[in-house]
Amino acid sequence: MKKLNLLIYYILFIVYEELIFSCLVYKTFPTSLWLIILFSIPIAVILNLITSVFKPKINKFLTYIITIAFIILFSAQIVYYSMYEAIISFFSMMHGGQITEFMEAIIDVVLRNWYGIALFALPLVILIVLSKKKVLLFERNSLKEIAIKMTSVVVVHLVALLCVNFINTNMMYSNKNLYYNIHIPKVTANRMGLLTTMRLDLQRFIFGFEEKLSVETSITPIEEEENSYNVTYIDFDKLIQNEENNTIKEMHEYFSSQEASKKNKYTGMFKGKNLIVLVGESFSSLAIREDLTPNLYKLYKEGFQFDNFYTPIFPVSTADGEYITDTSLIPKEGVWSFLKIAGNYMPYSYPNVFEKQGYSSNAYHNHTATYYERDKYIETMGYNSYLAVGTGLEDRMDTSNWPNSDYEMVKTTMDDYINNEKFMAYYMTVSGHMNYTKIGNMMVYRNWDQVKDLPYSHKAKSYLAANIELDKAVGELIRRLEEAGKLEDTVIVISGDHYPYGLTLEEINELSTFERDDKFEKYRMPFLIWSGSMKEPIKVEKIGSSLDVLPTVLNLFGAEFDSRLLIGRDILSDTEPLVIFSDRSFITDKGKYNAVTGEFIANEGTTVEEGYVDKINTIIYKKYQMSRLILENDYYKHIFKTEN
């Protein structure tokens, strides 16, 4: 039988793994397979060099080790992507020590992706067969062969770089910008392959990275009376004139040029009322049902009805979802913004806004206090107290279950604040967490009798059962507030951290009232704002997202804030709607744009002017850039020096 050079095996192996990854993740053939091949060849040659400098037995052993390692790497990425729809970064790898707490969930996702893992493992089977039949050559290379291969690494890589630098370089998300100037791993992996994306991420993790793309922003002066906008007096001209740091100066120039949101008929609607905010773990509209979750249903039917609201998932899952909702900033790719913001001045966090008005502020979480280092984040937000597992919640309720009860958390904590003259309370819940199974999920088990006869799959029923516990928590809030005579003086705000990724799309559609797609509509989620003082529901058709939660709530409370300094916008204002996804896809009132495929689908009957997509891409780029710079430079401190 004809012998096969080991280099050919490595080239075919790497290209195959990249091809399978792309098909599994993006549900399509790679958009630029030729570029993936060009970047894959040098990797294959290097692996071949490693396994061709020793004796045949050692080379063979190393080939097996490398093959298994790369299969594990690709499999781990597909499992991670299945959960978080992101490429795992080296920062997350280095800070993922607590991931073992969710080992059951990880095993569940691994089992859901068994076919993909099997496809990744196929080359190992082929390697075993070829080795037994002695088809592969594991011989030691000569110095001449090593020199030729090293030269080929340089030459092929240079060809790949030439293609990146000189082919289709004018687009916002050109290969050149992705390689040098913008960090969008999901798009980069689709264009250049997973391994190249991981190499770029590692380089940026070690040496640091700043997006270098230069785009122009238009100035939007405030033409009407300043008091008709949600702005505060900031002398940007003076700040720009006195600033020596070019980055901070650029930020001053950007924010001074931004369109402020107008005050509206809802501004100050809840002024002086108490505030209770819940960020619901995997909370979605699937969980709002009159028969099973009557309290959540009550809040929706009687409160603000945001029917076109989206909660996109970002790479760090719950932490990013919570960060977006609380700060109205976009998380920085490749790090935990949740952690990196520690110590920054956050003037528009709920406690920092409401404490100035004499409110108490308490934060709660019914899981580990330090998970994602949330304790540092809560301290940065400015809460008076933080009670979680490890900081005293375990003394008030049974926290040995998985997941812990939202109802019990609310029941045992309301006495902390309900008798205060003014209060705001913040809850990050956990009862709705996967796995959605009767065995292994205490909240599902506890509420199983209420869902067991429903005509859905086991996981769909389990999801509903888990969220019954959140509904009971909301019921407890309403009951206690009514007993204390504070129901009409309190506002309850609920949104989710991310869609329920513990369910497949098919399971999601079992419970959905409309057919959801895998790209956009999977993320259509609830945003509930309710008060006992509301006489009738208020339906809001305008598109919004979790980025808009904070400014919308601040406007309703008539809080003093400068809307130019937040990345999201008050949904109730007349600003143009924009939903931004982690891969920089977007939804506007004109249509939907898929950044991975480059396709824009206009709404029926909508005419879109030439250059519209480029205009929105530029706006989104600047929002990403400024969110990152706010995080990295503690920017608000530069604006409000006298307040901190």
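Start by selecting Thr 327: it is buried, with a relative accessible area of 3%. Keep in mind as you go that this is a predicted model.

**Stop 1: around Thr 327**

Show the secondary structure and you will find Thr 327 in helix H14, which covers residues 317-327. Now display its side chain and look for polar contacts. One goes to the backbone oxygen of Tyr 323, at 2.6 Å. Another goes to the backbone nitrogen of Leu 329, at 3.2 Å.

Which residues does Thr 327 touch, if those up to four places away in sequence are not counted? Select Met 346, Tyr 377, Met 381, Leu 550 and Leu 566 to see them. Thr 327 counts as buried because its 3% relative accessible area falls under the 20% cut-off.

**Stop 2: two cysteines**

Next, select Cys 23 and Cys 163. Cys 23 is partly exposed, at 31% relative accessibility, while Cys 163 is buried, with a relative accessible area of 15%. How many disulfides does a search of the whole structure find? The search comes back with zero. As a reminder, a disulfide is a covalent bond that links the sulfur atoms of two cysteines.

**Stop 3: two cis peptide bonds**

Move on to Trp 402 and Pro 403, and show the backbone atoms. The peptide bond joining Trp 402 and Pro 403 is cis, with omega at about -15°. Pro 403 sits in the loop that runs between strand E7 (385-389) and helix H18 (406-413).

Then go to Met 434 and Asn 435. The peptide bond from Met 434 to Asn 435 is cis, and its omega is near 10°. Asn 435 is also a loop residue, placed between strand E8 (423-428) and helix H19 (442-447).

**Stop 4: positive phi angles**

Select Arg 584 and check its backbone angles. Arg 584 is not a glycine, yet its phi is positive, about 75°. You will find Arg 584 in the loop between strand E13 (579-580) and strand E14 (586-587). Is Arg 584 buried or exposed? At 1% relative accessibility, Arg 584 counts as buried.

Asp 634 is the next one to pick. Asp 634 has a positive phi of about 45°, and again this residue is not a glycine. Its place is in the loop between helix H23 (612-633) and helix H24 (635-639). Asp 634 is buried too, with a relative accessible area of 13%.

**Stop 5: the largest pocket**

Switch on a surface for this part. Rolling a probe the size of a water molecule over the atoms shows where empty space is left. The largest pocket holds about 820 Å³ of space. To centre your view there, select Val 25, Lys 27, Tyr 81, Asp 518 and Lys 522, which are the closest to the pocket's centre among its 31 lining residues. Helix H1 (6-26), helix H3 (56-84) and helix H21 (505-511) are the elements that each give two or more residues to this lining. Try colouring the lining by class: 15 residues are nonpolar, seven are polar and nine are charged.

**Stop 6: enclosed cavities**

How many cavities of 30 Å³ or more are there? The count comes to six.

For the largest cavity, with a volume of about 120 Å³, select Ile 87, Ile 88, Ser 89, Glu 333 and Gly 334. These five lie nearest the centre of the largest cavity, which is lined by 16 residues. By class, the lining of the largest cavity divides into seven nonpolar, five polar and four charged residues.

The second largest cavity has about 60 Å³ of space. Select its lining, namely Pro 312, Phe 314, Ile 324, Ile 330, Ser 545, Ser 546, Leu 547 and Ile 580. What classes of residue line the second largest cavity? Six are nonpolar and two are polar, with no charged residues.

**Stop 7: Glu 506 on helix H21**

Finish at Glu 506, which lies in helix H21, one of the elements that give two or more residues to the lining of the largest pocket. Glu 506 is exposed, with a relative accessible area of 58%. That label applies because exposed means over 50%. Now add Arg 516, ten residues apart from Glu 506 along the chain, and display the distance between their C-alpha atoms: the separation is 9.1 Å.

Notes
Residues are numbered from 1 along each chain as its sequence is written. This is a predicted model: local features need pLDDT of at least 70, side-chain atom pairs count only at pLDDT 80 or more; totals for chains, interfaces and linings use all residues. Side-chain values use heavy atoms; hydrogens and water are left out. Helices (H or I, at least four residues) and strands (E, at least two) are DSSP runs, numbered from the N terminus. Buried means under 20% relative accessible area, exposed over 50%, partly exposed in between (1.4 Å probe, protein chains only). A polar contact is a pair of N or O atoms within 3.5 Å; within protein, one must be able to donate a hydrogen and the other to accept it, and residues adjacent in sequence count only if both atoms are side-chain atoms. Contact means heavy atoms within 4.5 Å. A disulfide is a pair of cysteine sulfur atoms within 2.5 Å. On a 1 Å grid over the protein atoms alone, a cavity is a set of points where a 1.4 Å probe fits but cannot get out, and a pocket is an open set with protein on both sides within 12 Å along at least five of seven lines; lining residues have an atom within 4 Å of a point. Grid points are joined across faces, edges and corners, and a volume is the space filled by probe spheres set on the points. Ala, Val, Leu, Ile, Met, Phe, Trp, Tyr, Cys and Pro count as nonpolar, Asp, Glu, Lys and Arg as charged, and the others, Gly among them, as polar.
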